[in-house]
Amino acid sequence: MNKKVLLLILTSLICLFSTTACTRISTKNENKKELVLASFTVLADIIENIAKNDNFEVKSITKPGIEVHGYKPTPSDLINASEAFVFVDNGFGFEIWSEKFVSNLKVQRITIADDLDPIFISEDSYKGKPNPHAWISPKRGIHYVDIIVESLSELRPSKRELFEKNGEIYKNKLSTIDQDFSLFINNLGKESRYLVTCEGAFSYLAKDYGLKEVYLWPVNAESQITPRRMARTISLVKKKKVPAVFCESTVSNESQMVVVNETGTKFGGNLYVDSLSSDNGPANSYLAMLKHNLEIIKRGLD
Ligand SMILES: [Zn+2]
């Protein structure tokens with residue numbers, strides 16, 4: 001007789017004599033959740049929407065508001081990861097730390113970028129490398145959902161129906177955000193279609209909705225601005241009369257304020273990219289983050 005069968009018989013016997021003990025045993029089993037570990041908060045939130053039920057718990061290695069590219073994992077991150085059944089990261093070089101992090105772990109891995117079409121960075125030392133920030137466009141967010149639904153279903157086939165059902169509901173919400181922003185852009189004068197930010201994190205949004213992207217530095221991991229790029233940005237904002245410029249929540253606005261002071265344009269606000277805000281902030285979920293960003297861009301450019 002194998003151990004499982006023996007345990008089942010013993011449990012049934014206990015249940016016959018004590019309902020309290022029986023309840024205690026079944027509750028303990030039901031509460032055992034499988035851990036899905038994501039590299040950053042945006043991804044963790046998307047996964048939570050897809051996997052939400054009593055069977056799964058989703059955690060993020062990096063916490064809200066933290067700069068993700070150059071994060072240094074702590075010993076407790078490693079302990080957390082060892083309890084997970086799968087580690088999900090973005091890829092495209094976003095998490096500089098993730099290769100080393102997973103190399104010593106016996107955990108399955110889903111890398112979203114493996115199934116995404118990249119946009120390549122065109123300048124500086126990152127030239128030719130894929131831009132990692134694909135989630136910033138709601139259209140690509142829909143791809144993220146499809147990839148996660150399919151990859152999780154392959155690992156846990158009995159939950160496919162749940163993942164697909166949750167995924168459809170979530171994709172509908174993303175489609176609404178996508179349609180709303182498309183409508184705004186279609187009604188926006190061509191001369192106003194500029195998105196000037198600190199980090200070059202908006203390539204996917206710009207490409208998907210027909211905006212011209214201008215930035216002070218290509219990737220946050222290299223947030224040093226060259227005088228040449230600063231001069232070029234100032235000249236463009238002046239020449240094109242760009243109505244507003246923006247910066248990201250995880251970096252200082254200082255450089256962008258130089259552009260504002262030199263050109264007389266307005267500072268449109270802080271956009272969330274690499275990390276969600278804390279629970280009481282304006283971007284406490286991926287959907288809230290997209291809505292917040294697109295609303296700020298709309299208000300700035302309109
Ligand atoms: Zn970034």
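**Close-up 1. Surroundings of the buried residue L152 in helix α6 of the predicted model.** L152 belongs to helix α6, which spans residues 138-155, and with a relative accessibility of 2% this leucine counts as buried, because the term applies to residues under 20% relative accessible area. Leaving aside residues up to four places away in sequence, L152 touches I47, A51, F85, V86, I110 and F163. One of these partners, I47, stands 105 residues from L152 along the chain, yet the C-alpha atoms of the two residues are separated by 9.3 Å.

**Close-up 2. The zinc ion and its protein donors.** The zinc ion has as its protein donors the NE2 atoms of H69 and H133, an OE atom of E199 and two entries for OD of D274, and these lie 2.1 to 2.6 Å from the ion. Along the chain, the donors are arranged with the spacing H-x63-H-x65-E-x74-D. Distant parts of the chain are linked here by the pair H69 and E199, which are 130 residues apart: H69 sits in the loop between β2 (56-60) and α4 (75-82), whereas E199 is in strand β5, residues 194-199. H69 is buried, its relative accessible area being 1%, and E199 is likewise buried, with a value of 0%.

**Close-up 3. The disulfide between C198 and C247.** A search of the whole structure finds 1 disulfide, and it joins C198 to C247 with an S to S distance of 1.9 Å. The link of C198 and C247 is left-handed, with -110 degrees about the S-S bond. Because C198 lies in strand β5 and C247 in strand β7 (residues 244-248), the pair ties together parts of the chain that are 49 residues apart in sequence. Both C198 and C247 are buried. Strand β5 thus appears in two of these views, since it holds C198 as well as the zinc donor E199.

**Close-up 4. Packing of helix α7 against helix α11.** Helix α7 (residues 160-186) and helix α11 (residues 286-301) pack at an angle of about 5 degrees, and their axes are 11 Å apart. That angle makes α7 roughly parallel to α11, because angles under 35 degrees are counted in this way. From α7, the residues Y170, K173, L174, I177, D180, F181 and F184 take part in the contact, and they meet Y286, L287, L290, K291, L294, I297, K298 and L301 of α11. By residue class, the contact of α7 with α11 comprises 11 nonpolar and 4 charged residues, with no polar ones.

**Close-up 5. Two loop residues, F92 and K241, with positive phi.** Most residues other than glycine have a negative phi. F92, however, has a phi near 60 degrees, a positive value in a residue that is not glycine, and it is placed in the loop between β3 (86-89) and α5 (98-103). K241, also not a glycine, has a positive phi of about 50 degrees, and this lysine is found in the loop between α9 (227-240) and β7. As for accessibility, F92 counts as buried at 16%, while K241 is exposed, with a relative accessible area of 69%.

Notes
Residues numbered from 1 in each chain as written. Predicted model: local features only at pLDDT ≥ 70, side-chain atom pairs only at ≥ 80, totals over all residues. Heavy atoms only, no water. Axes fitted to C-alpha atoms, helices over the stretch in contact; angles between N-to-C directions. Helix = DSSP H or I, 4+ residues; strand = E, 2+ residues; numbered from the N terminus. Parallel < 35°, antiparallel > 145°, perpendicular 65-115°, else oblique. Contact = heavy atoms within 4.5 Å. Nonpolar A, V, L, I, M, F, W, Y, C, P; charged D, E, K, R; others polar. Donors = N, O, S within 2.8 Å, 3.2 Å for Na, K, Ca; no water. Buried < 20%, exposed > 50% of the residue type's maximum accessible area, 1.4 Å probe, protein only. Disulfide = S-S within 2.5 Å.
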